[in-house]
Amino acid sequence: MAPMEGVTGYIYRNTHHAFFSGQDKIIDKYFTPFVVATYTRELKSRERIDILPENNRGLNGEMHVVPQILTNRSDEMLHMAGVMAGMGYREINLNLGCPVRTVTSKGKGSGFLQYPEALSRFLDEVYSELDRKAASGGETLCLSVKTRIGFENPEEAAALMRIFSQFPVSELIIHPRTTKEGYAGFPHVDVFADIFREYAGRMRLIYNGNIFNGHDYALITSLMPSLSGVMLGRGLISDPGLARFIRTGNAITAEELRTFCQALLDAYKVEYLSPGRGSAGEQVLVNRMKELWFYMGNLFSGSGSLAAGTKAPEGEKRPGVYGDFSLHIKNVRKAGNLRDYESAVRMLFANCPITGCADGLKDPS
Ligand SMILES: Cc1cc2nc3c(=O)[nH]c(=O)nc-3n(C[C@H](O)[C@H](O)[C@H](O)COP(=O)(O)O)c2cc1C
């Protein structure tokens, strides 16, 4: 499961794991949304709660969670890596993918991709120190990297890959879009495939981007059968049963989605509404659920607002958003309070069948 700030916090991850991964380990790894590393400042309490080991075990301790760190300074990175190691984590992930301007303008996330020399120095300092610690009997910590293929231009990918391949990156997760592209258009599957051809023998490569249904997954794995893995983001939030469907052919049912949503709502109620937990309140709770419905709405329409939300190439027609069931989805997304939210969700499940998400990828050939 991809890290998604504001979406895949520990409550979501635990609930998802209980319903759709569990002992079958359908999901190999859950990545946490990024934690900001700063040398002087402690973790924010929200970030700490999200990565505390006791919040990340799953029902029987079988959930594998990888915390993600955002920084462009090796001293901050190593400090935070030490904090994570102290909590018992043995694998951490570096965020080189975030395209949000407030992050990239500081040269962090995918903003760091603009400075290959500094990036190379950073990786050298971090991996050397991790190596040194492991060699001197300290903890062994694997560092994976999640990246885009460039800042401005997909052609930057070649130079970036030459950098990454010089280090013991435990796995390289690539979202084949540039920072500038944000989430628009289709991912450059062809660029990923070129990288795969050249580097798959040397490093674990993970594909990430626009896998919204089984068909998208089949396309990627048919192009690259020996791929080490895929990371699922928006597609998995839209269809929480997507990974299970891919692994077992067992598709999510409306009843499963309904009980999953109810369990999430109940868990968020404990977080946001119980006394002594501050008064984030009902509005935050409702907003949190509505954000999920931004994605899950796609499952009912078959018309794919995810695909529709990305810019269609010129001349291509995309189906409308939310198909015939727009009213019910809209009511969920418009709900101003908990009562309206719960009643809109009831109406949605009573009236709308699940149809599955539209394709997110198209065959590059
Ligand atoms: C709302 C949102 C929040 C995200 N937060 C993070 C994050 O904290 N760290 C990160 O590496 N990527 C983040 N991403 C990027 C996703 O992990 C993923 O790379 C991207 O959505 C493409 O994959 P997908 O097409 O499967 O969704 C975020 C994406 C979205 C839409």
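**Exercise 1.** In this predicted model, find how many residues surround the ligand, and which of them are the closest.

*Solution.* Counting the shell first, we find that 22 residues surround the ligand, and the closest are Ala2, Glu5, Pro33, Gly233 and Arg234. Next, we ask which elements give two or more residues to this shell, and these are strand E1 (30–36) and helix H9 (234–238). Finally, sorting the shell by class gives nine nonpolar, ten polar and three charged residues.

**Exercise 2.** Determine which residues of helix H6 (residues 157–164) are buried, and what they pack against.

*Solution.* The buried residues of H6 are Ala157, Leu160, Met161 and Phe164. Because they cover an arc of only 100° around the axis, they lie on the same side of H6. The general rule behind this step is that an α-helix has 3.6 residues a turn, so residues three or four places apart point the same way. As a last step, we look at the partners of these buried residues, which are helix H5 (116–135), strand E4 (142–150), strand E5 (172–178) and helix H7 (189–199).

**Exercise 3.** Work out where the largest nonpolar core lies with respect to domain 1 (10–209) and domain 2 (254–351).

*Solution.* The largest nonpolar core has 88 residues, among which Ile69, Ile92, Ile174, Leu232 and Val332 touch the most other members. Both domain 1 and domain 2 give residues to this core, so it lies between them. Taking Leu232 as an example, and leaving aside its neighbours within four places in sequence, we find Leu232 in contact with Met1, Ala2, Ile211, Leu242 and Ala243.

Terms used:
Residues numbered from 1 in each chain as written. Predicted model: local features only at pLDDT ≥ 70, side-chain atom pairs only at ≥ 80, totals over all residues. Core = buried A, V, L, I, M, F, W, Y, C linked by C-beta atoms within 7 Å. Buried ≥ 20, exposed ≤ 12 C-beta atoms within 10 Å, placed from the backbone. Domains from an automatic or database assignment. Contact = placed C-beta atoms within 7 Å. Helix = DSSP H or I, 4+ residues; strand = E, 2+ residues; numbered from the N terminus. Arc of directions from axis to C-beta. Near = placed C-beta within 6 Å. Nonpolar A, V, L, I, M, F, W, Y, C, P; charged D, E, K, R; others polar.
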